[in-house]
Amino acid sequence: MDSTLSTQGTAASAAPRTTSQRIKSIFSGSIGNMVEWYDWYVYSAFSLYFAKAFFPKGDLTAQLLNTAAIFAIGFLMRPLGGWLMGLYADRKGRKSALLLSVWIMCLGSLIIALTPSYETIGIGAPILLVLARLLQGLSVGGEYGTSATYLSEMATKERRGFYSSFQYVTLISGQLLALGVLILLQQVFLTSAQLESWGWRIPFVIGALCAVVAMLLRRDMAETESFTKKQSDKPKTSTMALLIKHPKELLTVVGLTMGGTLAFYTYTTYMQKYLVNSVGMSKSDSTLISAATLFLFMVIQPVIGGLSDKIGRRPILIAFGVMGTLFTYPILSTLHNISTWWGAFFLIMAALLIVSFYTSINAVVKAELFPTEIRALGVGLPYALTVSIFGGTAEYIALYFKSIGMESGYYWYVTGCIAISLLVYISMKDTRSNSLIDSD
């Protein structure tokens, strides 16, 4: 498999130069990104239904803690994926790495879809669930850095913020697709009992099939010009040796990611459970609110990404840091006591608008920090480590605070992490005017 992908990547022609060709390549890469994130998020979207299938009987919070723990375990593989796929992408090509990552994701989805329940095979059920999430974590860990690198290198200098923002457009659209499948199954095709019994397997089958389509699309992608130029001038030292020569950039990725990823996972993957388990809303209402806010959140991404092409990346990040520090606690504490559908919608939408100032440009900022020969690894590895520590544990920490009767402690935890990231935003240079992509 690896040799085939490598051949396809190195045999790719130089990156296209016309706008239409660039858009076609970006579209092909983005569709694969959407499928990857659909497969990743469908776990969270349907965990309210399949938690009973994989674990012994107990109260809902205990079962959700188990599924959240496995969600976090999947994140443990993301740094390994960022490392291995980053090395692969910097040596063999962005296209080859993107093909391999979607193939691994397909395998993980199939395992979840076909795993028997706890009542049938006992402890084997959660073990297989963990294995599937480890594979998916490996895939997503490699996907982010390579995808961010591909989109940033494929875009023109003047529109780099705009085009790279489509990484989160497709990321969010993958999550929306997961929620859309859930809504259709909830409202149209299945009863709640059927969903909890066997219907939750359907979205994982869909994900595996979509991954096959994504692989076919990615086979026709062009390799980036930045990578093909460097093929004739490969570094004599190892990629990891080159990477450790950029400690400031590595720490910058960690710092700028910390608050943003925690806020993102709080208001997206965890929010659906929070509305049910803490606010007291129905599963269907929480799903509809999540879908509506995520759709608007997705639409905002290119707007702010395009704005960063005009005013710079640093002011956008500082805006997120300031607003996130000031408004996280008020938003979450007010949301806890909300009683109306529209009240919850507007509060979550306000939070996601703030988070957009991070999500829309974080990929391009990281890509602009590193030279071509270590760009995918430099973006993917420190990002995956940070997301694993802060994003991957968000649900578990939030549920833990709830289980000990100190739910507001989580609000302060998110606020503090955003405040630390704000310090990084204030001290860093604006990567739009100091981009290493422009020196490729």
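## Salt bridges, spaces and contacts

Colleague: Quick one to start. Glu368 and Arg313, buried or exposed?

Modeller: Both Glu368 and Arg313 are buried. Keep in mind that this is a predicted model.

Colleague: How do the side chains of Glu368 and Arg313 meet?

Modeller: They form a salt bridge, 2.9 Å from N to O. This pair ties together distant parts of the chain, 55 residues apart. Glu368 sits in the loop between helix H18 (362-367) and helix H19 (375-391), and Arg313 belongs to helix H16 (residues 313-336).

Colleague: How many salt bridges does a search of the whole structure find?

Modeller: Two. The other one joins Arg313 to Asp309, with 3.0 Å between N and O. Put together, Asp309, Arg313 and Glu368 make a network of salt bridges.

Colleague: Why does Arg313 count as buried?

Modeller: Because its relative accessibility is 1%, and the cut-off for buried is under 20%.

Colleague: And Asp309, buried or exposed?

Modeller: Asp309 counts as buried too, because its relative accessibility is 12%.

Colleague: Switching to empty space. How many cavities of 30 Å³ or more are there?

Modeller: The count comes to four.

Colleague: What volume does the second largest cavity have?

Modeller: About 60 Å³.

Colleague: Which residues line the second largest cavity?

Modeller: Here is the set: Tyr41, Ser44, Ala45, Gln175, Leu179, Thr268, Thr269, Gln272, Ser290 and Leu294. Four helices give two or more residues each: H2 (19-54), H8 (166-189), H14 (269-279) and H15 (283-311).

Colleague: Which of them gives the most to that lining?

Modeller: H2, with three residues.

Colleague: How do the lining residues divide into nonpolar, polar and charged?

Modeller: Six are polar and four are nonpolar. No charged residue lines the second largest cavity.

Colleague: Let's pick one from that list. Where does Gln175 lie?

Modeller: Gln175 is in helix H8. Because its relative accessibility is 5%, Gln175 counts as buried.

Colleague: Tyr41 is on the list as well. How many residues apart in sequence are Gln175 and Tyr41?

Modeller: They are 134 residues apart in sequence. In space, 5.6 Å separates C-alpha from C-alpha. Both residues line the second largest cavity.

Colleague: On to pockets. How much space lies in the largest pocket?

Modeller: About 340 Å³. The lining has 13 residues, and those closest to the pocket centre are Lys248, Glu249, Thr252, Leu369 and Lys429.

Colleague: Which helices each supply at least two residues to the lining of the largest pocket?

Modeller: Helix H13 (247-267) and helix H21 (408-427). H13 provides the largest share, three residues.

Colleague: How do the residues lining the largest pocket divide by type?

Modeller: Five are charged, four are polar and four are nonpolar. Compare the second largest cavity, with no charged residues in its lining.

Colleague: Now the outside. Which residues make the nonpolar surface patch?

Modeller: A patch of about 400 Å² is made by Tyr396, Tyr400, Ile404 and Met406.

Colleague: Where is Tyr396 found?

Modeller: In helix H20 (residues 394-403).

Colleague: Why does Tyr396 count as partly exposed?

Modeller: Because its relative accessibility is 38%, and partly exposed runs between the 20% limit for buried and the 50% limit for exposed.

Colleague: How many residues apart in sequence are Tyr396 and Tyr270?

Modeller: They stand 126 residues apart in sequence. From C-alpha to C-alpha they are 9.2 Å apart in space.

Colleague: Last topic, Cys210. Which helix does Cys210 lie in?

Modeller: Cys210 lies in helix H10 (residues 202-218). It is partly exposed, because its relative accessible area is 25%.

Colleague: What separates the C-alpha atoms of Cys210 and Val102?

Modeller: A distance of 9.7 Å. Along the chain, Cys210 and Val102 are 108 residues apart.

Terms used. Residues numbered from 1 in each chain as written. Predicted model: local features only at pLDDT ≥ 70, side-chain atom pairs only at ≥ 80, totals over all residues. Heavy atoms only, no water. 1 Å grid on protein atoms, 1.4 Å probe; cavity = no way out; pocket = protein on both sides within 12 Å on 5 of 7 lines; lining within 4 Å. Points joined across faces, edges and corners; volume = space filled by probe spheres on them. Nonpolar A, V, L, I, M, F, W, Y, C, P; charged D, E, K, R; others polar. Patch = residues over 30% accessible without salt bridge, like charges linked within 9 Å, V, L, I, M, F, W, Y side chains within 5 Å. Areas by Shrake-Rupley, 256 points an atom, 1.4 Å probe, with all protein chains shown as cover. Salt bridge = Lys/Arg side-chain N within 4 Å of Asp/Glu carboxyl O. Buried < 20%, exposed > 50% of the residue type's maximum accessible area, 1.4 Å probe, protein only.
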